[in-house]
Amino acid sequence: MGFFYFVIDVGKNLHTPPPHFTLSASRIILSHILTCSIEFTINTYPCMSNLPTSDQKFYDVERRYRDPNTARYVVLPVPYEGTVCFMKGTSKGPKAILDVAYQIEMFDEETHAETYSKGIVVLPEIPSAASPEEETQRIYETVKRYDLFNPANKRLPIILGGEHSITPPVVRAAADSIPNLSVLQFDAHADLRDSYTAGRNSHACAMRRILEIENVKQIVQVGIRSFSEDEYNQCREQFKNIITPEYLEGNFVAACDLIDKRLTNNVYITVDIDAFDPSFAPATGTPEPGGLDWRQVTRILRRVCKTKHVVGFDVVEVSPFGNGNAITEYLAARLVEKFIAYMD
Ligand SMILES: [Mn+2]
């Protein structure tokens, strides 16, 4: 039995679809009675007809840079907040982030990347479902239908939440296509409960659900400063991969090395905005004191983006005040831009 995969890549022009051809001899079976079956599938690149367009955009960017056929960065808004139990409002997060992204420079001051130049498209938002179970299934099916994690498409999905329960179905879809996946989570909360008020798909159970995904090898959790006794007792092994803000403050280099060591090569990054100290990101459902600062998060992000193969990114739990104070959504939009700058 053999497996062959050839990719011939002969073009990188953003505006004309590159003539990529993927040839995969997907199955060669030789049995002892000399039966030979060979199946070839030929996909022309880009196979993007599955991506819809929307009027929304990230940045005030020209149309040619938001072509779903060629854009490298694909933003998917998921304004779900079905299981939020305290301060509501995260359903308004994606739109608030996109609104302020109009205001930010499309040039990264740190890396000098032209962060629009590889194309950034915003897909229509996923309409919220009636129950957490339906929502989870809807997100999974949408990500699969768009084929967002197919390595051949060379796309980088950026998911905007919504509450943190949107992350497990995205990671499950990623793990279907990407082997040896690990997850880097920035968050104030461990999110390791087996069940919470809204059940097993609550935002408080997001990382527990991801732990259960077979192809996910590791979760590294940074910024954690709130968890229950049950979480601690039931997930003792996982707590070895938790890096608290206090540890980070005194041991930044060692913490970065630890993150690097624990993560596998293929990494999905999820950022709960409450990982930041509330002085940096106050507009969120459960603002825990003693959080991370901008420099810490971006330093870690930069290193992981440079040393690992990052396959996707999300920002969740932005819950805009809507009173003209846009600190939190502005920070979230800049964080998306930093991700692009570090990946470019
Ligand atoms: Mn969370």
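Two strands are taken to pair if DSSP finds at least two bridges between them. In the predicted model analysed here, strand S6 (residues 156-161) takes part in two such pairings, one with S4 and one with S11. Strand S4 (residues 73-78) and S6 pair in the parallel sense over six bridges; within this pairing, Gly-161 of S6 is the bridge partner of Val-78. Strand S11 (residues 309-316) also runs parallel to S6, to which it is joined by three bridges. Here Leu-160 has Val-315 in S11 as its bridge partner.

The surroundings of S6 were examined next. Six of the six residues of S6 are buried, so the strand is largely enclosed by the rest of the structure. In a regular strand the side chains alternate between the two faces of the sheet. In S6, Leu-156, Ile-158 and Leu-160 point one way, whereas Pro-157, Ile-159 and Gly-161 point the other way, and the residues of both sets are buried.

The protein chain as a whole contains nine helices and eleven strands. Of its 344 residues, 46% are buried. Among contacts with a separation of 6 or more, 74% are between residues 24 or more positions apart.

Two of the helices, H2 (residues 132-146) and H3 (residues 167-177), pack against each other at an angle of about 35°, and their axes are 8 Å apart. The crossing of H2 past H3 is right-handed. On the H2 side the contact is made by Thr-136, Ile-139, Tyr-140, Val-143 and Lys-144, and on the H3 side by Pro-168, Pro-169, Val-170, Arg-172 and Ala-173. By character, seven of the residues in this contact are nonpolar, one is polar and two are charged. An α-helix has 3.6 residues a turn, so residues three or four places apart point the same way.

Helix H9 (residues 327-343) comprises 17 residues and reaches 24 Å from its first C-alpha to its last, close to the 24 Å expected at 1.5 Å a residue. H9 is mostly covered, with 13 of its 17 residues buried.

A further helix, H6 (residues 245-250), contains Tyr-247. Tyr-247 counts as partly exposed because it has 15 C-beta neighbours inside 10 Å, whereas a buried residue would need 20 or more. The C-alpha atoms of Tyr-247 and Val-222 are 9.9 Å apart in space, and the two residues are 25 residues apart in sequence.

Notes: Residues numbered from 1 in each chain as written. Predicted model: local features only at pLDDT ≥ 70, side-chain atom pairs only at ≥ 80, totals over all residues. Helix = DSSP H or I, 4+ residues; strand = E, 2+ residues; numbered from the N terminus. Buried ≥ 20, exposed ≤ 12 C-beta atoms within 10 Å, placed from the backbone. Contact = placed C-beta atoms within 7 Å. Expected span 1.5 Å × (residues − 1). Axes fitted to C-alpha atoms, helices over the stretch in contact; angles between N-to-C directions. Left-handed = near helix turned anticlockwise from the far one by under 90°. Nonpolar A, V, L, I, M, F, W, Y, C, P; charged D, E, K, R; others polar.
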